Amino acid sequence: MFRMPLPMNVIGARIMWNGSFIEAHCQRVLKHCRLYLHTDFHSKRFYTPRRAILYVPGDDERKIRKALSLKVDCIALDCEDGVASNRKFADKLSVIIGDERNKIKMNLILFIESAKGIMDLPKICQKSIELAEKSCFLPVALIIGSDDLCADLGISRSDDGYEILYARQRLVLIAKAFSFQAVDMVDINYKDLPALKKHSIAGARMGFTGKQVIHPNQVRIVQDAFSPTPEKVQWATDLIAAFNEHQLKGKGAFVYKDSMIDMPLLRQAQHIIQLAKMDKHNMQQ
């Protein structure tokens, strides 16, 4: 599936043809890409926040404009499930981009939607990295397509996704092994916000870095669940300060608030601080 960056620290996705509005928007995307996406493969791809990925029908100008006004990390313009078949345009996108494919780098988010995809994940990730060296696409994240996966397995999906727990855990594990982000499944019942909060927190504890959403009301709840709390940020700040102090004294591992601190915990603290900085920057935009 094709994923294309949008100009608000977001990704585009499933892009849809909608006359002059979408064409003009794609041209603005390309301008944005020229300015900000000339980068080597490993730079900043992990710490760009993708906590909430909002799906928007790619042929609905009103909803697209609404989405662009939201403080959402990522927007996906849906040209598949959310769009009538006679309004899709996959072939026309290449006309808009033209020769730009060889001049810019675009974030590519890999959708895993089948049993074979789950089992072949290491090969898929490795191949995407190899292809990135010679193409315009940068693999940055894995997304689990829960409903398509359930259809492939011949099962029905519950609200908490227990029946595909192994697939979700495997996706997180392999994503982290390749330094990709891992984006959790959609909560279809978009009106049940308490359940969304519960599922988002559970997903964050599993190691997911974000979640797919289908309604603006879901965005802030999901972002909060995948953002470090003030208490966690303070813990990380104090830990890093204590670590630096012990380093100046020539000490390695040390005890901090009754816990032994070594490099793995330091990296966790650094990750929390980086997320907090990116969250603050994103909210200011």
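Colleague: What is the bridge partner of Leu142 in β7?
Modeller: In this predicted model, Leu142 has Ala182 as its bridge partner in β7.

Colleague: And what makes β6 and strand β7 (residues 181-184) a pair?
Modeller: Pairing takes at least two bridges between two strands. Here 3 bridges join β6 to β7, and the strands run parallel, so they qualify as a pair.

Colleague: How do you know that strand β5 (residues 106-112) pairs with β6 as well?
Modeller: The same reasoning helps: β5 and β6 share 7 bridges in the parallel sense, against a requirement of at least two. One of the places to look is Ile109, whose bridge partner in β6 is Ala141.

Colleague: Why is β6 called largely enclosed?
Modeller: Buried means under 20% relative accessible area. Of the 8 residues of β6 (residues 137-144), 8 are buried, so the strand is largely enclosed by the rest of the structure.

Colleague: Which residues have the most contacts inside the largest nonpolar core?
Modeller: Leu142, Leu171 and Phe180 do, in a core of 40 residues. Helix α7 (residues 165-177) gives the largest share of this core, with 5 residues. There is also a second, separate core of 12 residues, which includes Phe243, Tyr256, Ile261 and Ile273.

Colleague: Good! Now, why is Arg51 called buried?
Modeller: Arg51 has 5% relative accessibility, and the cut-off is under 20%, so Arg51 counts as buried. You will find Arg51 in the loop between α1 (19-36) and β3 (52-57).

Colleague: What makes the link between Arg51 and Asp73 a polar contact?
Modeller: Their side chains are joined at 2.8 Å, and the limit for such a pair of N or O atoms is within 3.5 Å, so the distance fits.

Technical notes
Residues are numbered from 1 along each chain as its sequence is written. This is a predicted model: local features need pLDDT of at least 70, side-chain atom pairs count only at pLDDT 80 or more; totals for chains, interfaces and linings use all residues. Side-chain values use heavy atoms; hydrogens and water are left out. Helices (H or I, at least four residues) and strands (E, at least two) are DSSP runs, numbered from the N terminus. Buried means under 20% relative accessible area, exposed over 50%, partly exposed in between (1.4 Å probe, protein chains only). A polar contact is a pair of N or O atoms within 3.5 Å; within protein, one must be able to donate a hydrogen and the other to accept it, and residues adjacent in sequence count only if both atoms are side-chain atoms. A nonpolar core is a set of buried Ala, Val, Leu, Ile, Met, Phe, Trp, Tyr and Cys residues joined through side-chain atoms within 4.5 Å.
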